[in-house]
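Welcome! Here are some exercises with worked solutions, so take a pencil and follow each step at your own pace.

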Amino acid sequence: MDESLTLHFTVPPDDFTRAGEASSSTKATLKQLGLPADVIRRVSIVMYEGEINMVIHANGGEITVTISPDQITMVLKDAGPGIPDIQQAMQAGWSTASGAARDLGFGAGMGLPNMKKCADTLDIDSTVGVGTTVTAVVRL
Amino acid sequence: MEKFFHSVYLDDSLCRGCINCIKRCPTRAIRVRNGKARIINEFCIDCGECVRTCSYHAKKLHRDTLDILNQFDYTVALPAPSLYLQYNNLTDVNIVLTALLQLGFDDVYEVAAAAELVSAATRTYVREHQDAWPLISTACPCVVRLIRVRFPSLVEHLLPLKPPVEVAAELARRRAIERTGLPADRIGIIFLSPCPAKVTYAKEPLGIQKSQLDGVLAIQDIYPLLLGRMKQVRDNPRALSAAGRVGVGWGISGGESNGMGSDRYLAADGIENVIRVLEELEDDRLTGLQFIELDACDGGCVGGVLNVENPFVARAKLQQLNQRLSARPAPPPPEAPASIAWDAPVKYEPVFRLGSSVAEGISMARRVEALTEEFPGLDCGCCGAPSCHALAEDIVRGQASKSYCIHILRDHIHTLSNTCAGLVAEAAAQGGEYSQERLQELAGQLDQLDTEITMMDVGHRPAVPPEGTDEEGGTVG
């Protein structure tokens, strides 16, 4: 792991205006490393969707991004309500977002499906009442 | 011409080495080194923010003077649409155009008329290239330069059509040749520009191999010269204008989109807003759009730093002028149609890249992050870089040292003065007796103290740290 760069971000709860900061910051770093545009785009989408999920559902959380020459690993960890049925959550259009989030244009039920589409692997480890950890990998 | 030529330059005698420009530069292209604001050519996109923001008017812009008219046998003025919007109560564009002839030009060719041709070509191109939606307007050279260095994935969305000024230049020269029979190089095509990005464009265009422009004058230089002449010709102007509302409307943000005949567009102006739109576009967060119009200046071209009038007042003037303009675009020129397509596609330039390989980049980025942690995070700019993070990057690129941070320097000065005080106290305890060795040590420490206090001065942060210093820099570390 000596060959890797690690970035940490704290996603604040209930602040839609700040969702996207971690994604933008990561994108800026990846561009500086000269990674292919497609890889950067996929990482950005996974990060952004993950951040929005944390804001809408989980009172914020922590994101750790590990960048190595062959892959980018994103670990998104929250202490939110957990996902009771992961299969259902992965379905396009399924959402438990609040009315307030929907009023802002979020909660279309595309977050996790979009992340899955963009990541090479996506693992969700969730316990109801404890929290959720999403681990996404984008390979170079 | 060099690849990263710029029209902005510094008047050293006026620059005080303050931090106003480095903080406002959207691409973080300026550093204060040796007490003067230096532009990093590769990073600069000619937006003119530094010109606008410099309290001491030390940022200057290259442009031609009217003397350029003497270099040619026949000259054509190409007024930008925003020129018309500088004047109060203008009821007829022909007054401005006739005054330009009085000023010494042999002919005028409105950029606004060419803009209507570009609008038509854009409509066709957008309709036929659904795969490239949304297409991003390339009329603002500053936006094209920004995308070229910062948004690699958006390069393929650039609308590969010449800007109106280039189309106008080509048509103007062709018309001049037909009217005079002169060889092409005896005809001078001179643009009256609202912004420095167009000055750069004329010398170093993007999207085409060579611009047809022979010179660029600043609207602010021409504006006062036209005022008196406009009075003279006011009652009897020549009928020279052909452009309608669509073409003249290109001078303000949203004007180009207005010529699209579609409502699936987005128009943003002001460089920071432009960057935000491009960031969202890059992440696929803007959907359902066919066309994106981006203007680096607030309000569009009327906000260009070479204009005279406040852009919002200029917009209000357009509303008045519009009542006098035709809703129909100019008739196509009788000459053969101009070639509007690009002939030299724009390529991504990774100027901000760290390292030559991903592995090297990662190792450099790690050092940048570690260094950033050591700095106070005040982003005060006293080091000459716009932020602590930018200083960390400069250090890792070998272009600065840690001692450029005055906060780190201050802590070291404290440590040094404490050491000196300790040596003096030690001597005092021994009845004021210094050994030769101790005296030398004290002198050495005082010497360092003096060096570091001198380094607090703004003029003592060179472009490249002195040889023999590591990234810690100088005596600090």
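A residue is called buried if 20 or more other C-beta atoms lie within 10 Å of its own, exposed if 12 or fewer, and partly exposed in between, with C-beta atoms placed from the backbone. Helices (H or I, at least four residues) and strands (E, at least two) are DSSP runs, numbered from the N terminus. The model is predicted, and local features need pLDDT of at least 70, side-chain atom pairs count only at pLDDT 80 or more, while totals for chains, interfaces and linings use all residues. Residues are numbered from 1 along each chain as its sequence is written, and chains are lettered from A and ligands numbered from 1 in the order in which they are written.

**Exercise 1.** Find which residues of helix H5 (residues 111-118) of chain A are buried, and work out how they are arranged.

Step 1: The buried residues in H5(A) are Gly111(A), Leu112(A), Met115(A) and Cys118(A).
Step 2: Looking down the axis of H5(A), these buried residues fall within an arc of 130°, the arc being that of the directions from the helix axis to the C-beta atoms. They therefore line one face of the helix.
Step 3: Against H2, helix H3 (86-89), strand E4 (121-127) and strand E5 (131-139) of chain A, the buried residues of H5(A) pack. Contact between two residues means that their C-beta atoms, placed from the backbone, lie within 7 Å.

**Exercise 2.** Describe the two faces of strand E3 (residues 71-78) of chain A, then name its partner strands.

Step 1: Side chains alternate along E3(A). Ile72(A), Met74(A), Leu76(A) and Asp78(A) are buried on one face, whereas Gln71(A), Thr73(A), Val75(A) and Lys77(A) point to the other and are not buried.
Step 2: Two strands pair if DSSP finds at least two bridges between them. Strand E2 (residues 61-67) of chain A pairs with E3(A) through six bridges in the antiparallel sense, and a hairpin with three residues between the strands results from E2(A) and E3(A). Here Ile72(A) has Ile67(A) opposite.
Step 3: E3(A) is also joined to E5(A), by eight antiparallel bridges. Val137(A) in E5(A) stands opposite Thr73(A).

**Exercise 3.** Work out the strand order in the open sheet of chain B, and say which strands are at the edge.

Step 1: The order of the three strands is E7-E11-E10, with parallel pairing.
Step 2: Strand E7 (135-136) and strand E10 (265-269) of chain B are the edge strands, each pairing on one side only.
Step 3: E7(B) is linked to strand E11 (residues 291-295) of chain B by two bridges, and Ile136(B) has Ile292(B) as its bridge partner.

**Exercise 4.** Is Asp450(B) buried or exposed?

Step 1: Locate Asp450(B) in helix H17 (residues 436-455) of chain B.
Step 2: Asp450(B) has 11 C-beta neighbours inside 10 Å, so it counts as exposed.
Step 3: Leu416(B) lies 34 residues apart from Asp450(B) along the chain, and their C-alpha atoms are separated by 10.0 Å.

**Exercise 5.** How many residues of chain A are in contact with chain B, and which helix gives the largest share?

Step 1: Contacts link 17 residues of chain A with 16 residues of chain B.
Step 2: Helix H1 (21-32) and helix H2 (37-57) of chain A are the elements that give two or more residues to this side of chain A.
Step 3: H2(A) supplies the largest share, five residues.
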